[in-house]
Amino acid sequence: MQSPALKALLTQDPGLPKPNPTSSYWQSPPHPLSNTQSPSPPGKTDVAIIGSGITGLSVLLTLLDDHPDLTITVLEARSLCSGATGRNGGQLAANAGEEYLHLVEAFGREGTGEIVRFTFENLRRMRELVRRFAVEESQVQELVKVRVFLEERGFERFKRSVEALERDLPDLKGVYTVLDREVLKREYHLDGAGGALLPAGTIWPYRLVTEIFACLVEKYGHRLNIETQTPVTSIVSDTTNPSHPYILHTPRGTLRATQIAHCTNGHAGHLLPGLRGPVYPFKGTMTVQDAGSIMLNRGGDLSWGFHYPVIYDKESRRYAAGLYYLMQNTKTGYFFFGGEDTRIDHCLSSDDSQVEEGSIRHLQEKLPHFLGYDGAEQWRLAGGWSGIMGFSADGLPVVGRAETSMTGRQGEGEYVAAAFNGYGMANCLLAGEALAKIMMGKDSSAWLPKAYGIHETRLKEPLTLDHAIESFELNA
């Protein structure tokens with residue numbers, strides 16, 4: 001029997017981003033364009049992009065590069081890149097190995113192969129983006145990620161998953177190096193049932209995105225407007241104006257647009273009410289912790305992930321997400337550590353203006369323990385914040401033209417790329433590029449996974465509220 005409380009959390013209106021979010025360490029100091037805006041928004045634009053994270057930037061970059069005549073307006077409710085991209089874990093890593101068997105069960109071998117290759121290519125393209133714009137401030141690092149499986153059952157399933165991946169995609173053989181318990185302890189001083197190494201990276205995402213926006217303003221300022229502190233409160237379809245049929249309402253006035261790209265991730269359901277339930281916000285917690293001189297700085301060669309079974313207890317309403325993620329800054333040695341073990345209503349929330357004290361304390365207690373310092377005092381807290389991710393009922397991004405059942409409006413000029421399920425850095429860049437090409441009538445089916453698309457089969461099942469509820473209750 002479905003829980004009414006869980007259903008209510010999943011289907012709530014995520015609303016607009018809160019105007020006073022918790023302070024993300026990534027966003028200090030703020031970029032000079034942080035609060036940029038025109039004296040007044042333009043009266044009309046060819047394309048309105050709502051959201052200024054990596055997805056919105058990718059849509060913008062693709063359209064500006066490929067279509068020299070388009071006028072484009074980026075609308076951001078708060079400061080530039082203040083959402084999930086500016087609040088995440090800084091990890092450039094895919095989750096193909098641990099998710100492969102699950103994905104095959106849901107989407108078949110061919111569909112799963114498309115997803116795996118897409119995520120690896122997205123990570124390659126992220127590095128290419130850093131080189132193209134020469135953003136040294138992004139502090140991108142090439143390194144090895146060590147995934148630690150804390151329980152035997154999860155480690156055994158992971159090994160079967162990697163075996164299946166290498167059998168089905170032989171060119172990826174050797175990407176994962178499986179480590180048994182003894183090697184994990186001896187070579188990496190980590191406790192667990194087992195682990196694995198894979199090529200990965202870390203990055204300062206806010207600096208990358210804001211600096212590229214600055215480059216685009218300098219080059220394309222004659223046809224690009226960036227309007228921060230300009231939330232889109234509602235959208236009206238006006239079919240009497242075929243050239244600019246959409247009216248976007250903001251506190252600073254209205255804007256007419258020919259097409260709209262919704263790049264608001266966990267907040268997508270606010271302007272696309274038909275997505276509430278199939279897509280929902282999920283609040284994550286991040287900390288920056290200073291261990292002082294007791295730990296070597298491994299930020300140039302290692303990042304970490306700690307895996308355990310997902311837990312959802314209906315009685316206590318506890319939800320533990322099954323993953324902690326960790327990187328170390330190469331310059332300061334500070335640890336960036338995140339993960340969730342809290343009440344379900346704290347997780348299924350779009351409010352990043354607060355972070356639960358218990359969540360911060362939990363991360364402070366966990367980190368020394370994972371790195372072999374049981375009994376040590378809590379390390380100095382240099383920062384703690386929350387951020388809103390977008391999750392979907394079937395665990396995959398949603399990319400394509402928004403159906404009228406999602407928008408509640410007439411017209412076929414609204415598009416969405418959202419629900420990156422905690423792996424935005426492995427999906428957002430190419431998802432945004434694909435969305436831009438779809439908007440311009442180009443075919444992206446050769447490289448955008450079919451399972452990411454918006455089509456009748458997916459909308460009937462598995463991208464449904466019932467499936468979202470079931471995914472939680474399976475862990476109860």
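**Close-ups of a predicted two-domain model**

**View 1. Strand β6 and its partners.** Four bridges tie strand β5 (residues 177-180) to β6 in an antiparallel arrangement. One spot to look for in this predicted model is Val178, which sits opposite Ala196 of β6. Strand β4 (residues 141-149) also runs antiparallel to β6, and here the count is nine bridges. Gln141 has Thr202 of β6 as its bridge partner. Then there's strand β3 (residues 91-92), which pairs with β6 in the antiparallel sense over two bridges. In that pairing, Leu92 is matched with Gly201 of β6. How many of the nine residues in β6 are buried? Eight of them are, so the strand (residues 194-202) is mostly covered. As a reminder when you look at side chains here, those of a regular strand alternate between the two faces of the sheet.

**View 2. Two cis peptide bonds, each leading into a proline.** Start with the bond from Ser28 to Pro29: it's cis, with omega near 0 degrees. Pro29 belongs to the loop that links α1 (4-11) and β1 (44-50). The bond from Glu461 to Pro462 is cis as well, but with omega near 25 degrees. You'll find Pro462 in the loop between α12 (456-460) and α13 (465-473).

**View 3. Positive phi without a glycine.** Asn265 has phi near 50 degrees, a positive value in a residue other than glycine. Its place is the loop between β10 (253-262) and α7 (268-271). Is Asn265 buried or exposed? Its relative accessible area is 14%, so Asn265 is buried. Ala419 isn't a glycine either, yet its phi is positive at about 65 degrees. Look for Ala419 in the loop between β18 (414-418) and α11 (428-439). Ala419 counts as buried because its relative accessibility is 0%.

**View 4. The nonpolar cores.** The largest nonpolar core has 66 residues, and the members that touch the most others are Ile49, Ile54, Val59, Leu60 and Leu216. Both domains feed into this core, with at least three residues each from domain 1 (17-87 + 206-278 + 394-448) and domain 2 (91-203 + 280-392). A second, separate core holds 21 residues, among them Leu302, Phe337, Leu367 and Trp379. Back in the largest core, which residues does Leu216 touch, leaving out those up to four places away in sequence? They are Leu57, Leu60, Leu61, Leu64, Gly221 and Leu224.

**View 5. Where the two domains meet.** The protein chain splits into domain 1 (17-87 + 206-278 + 394-448) and domain 2 (91-203 + 280-392). Their contact takes in 43 residues from domain 1 and 50 residues from domain 2. Measure between the C-alpha centres of domain 1 and domain 2 and you should get 27 Å. Interface size is often quoted as the accessible area lost when the parts come together. For domain 1 and domain 2, the buried area is about 4000 Å², and carbon and sulfur atoms give 64% of that. How many salt bridges are there between domain 1 and domain 2? The count is four.

**View 6. A salt bridge up close.** Asp352 and Arg87 form a salt bridge. The closest N and O atoms of this pair are 3.7 Å apart.

How values were computed
Residues are numbered from 1 along each chain as its sequence is written. This is a predicted model: local features need pLDDT of at least 70, side-chain atom pairs count only at pLDDT 80 or more; totals for chains, interfaces and linings use all residues. Side-chain values use heavy atoms; hydrogens and water are left out. Buried means under 20% relative accessible area, exposed over 50%, partly exposed in between (1.4 Å probe, protein chains only). Two strands pair if DSSP finds at least two bridges between them. A nonpolar core is a set of buried Ala, Val, Leu, Ile, Met, Phe, Trp, Tyr and Cys residues joined through side-chain atoms within 4.5 Å. Domain bounds come from an automatic or database domain assignment. Contact means heavy atoms within 4.5 Å. Buried area is the accessible area (1.4 Å probe) that two parts lose on being put together, summed over both. A salt bridge is a side-chain nitrogen of Lys or Arg within 4 Å of a carboxyl oxygen of Asp or Glu.
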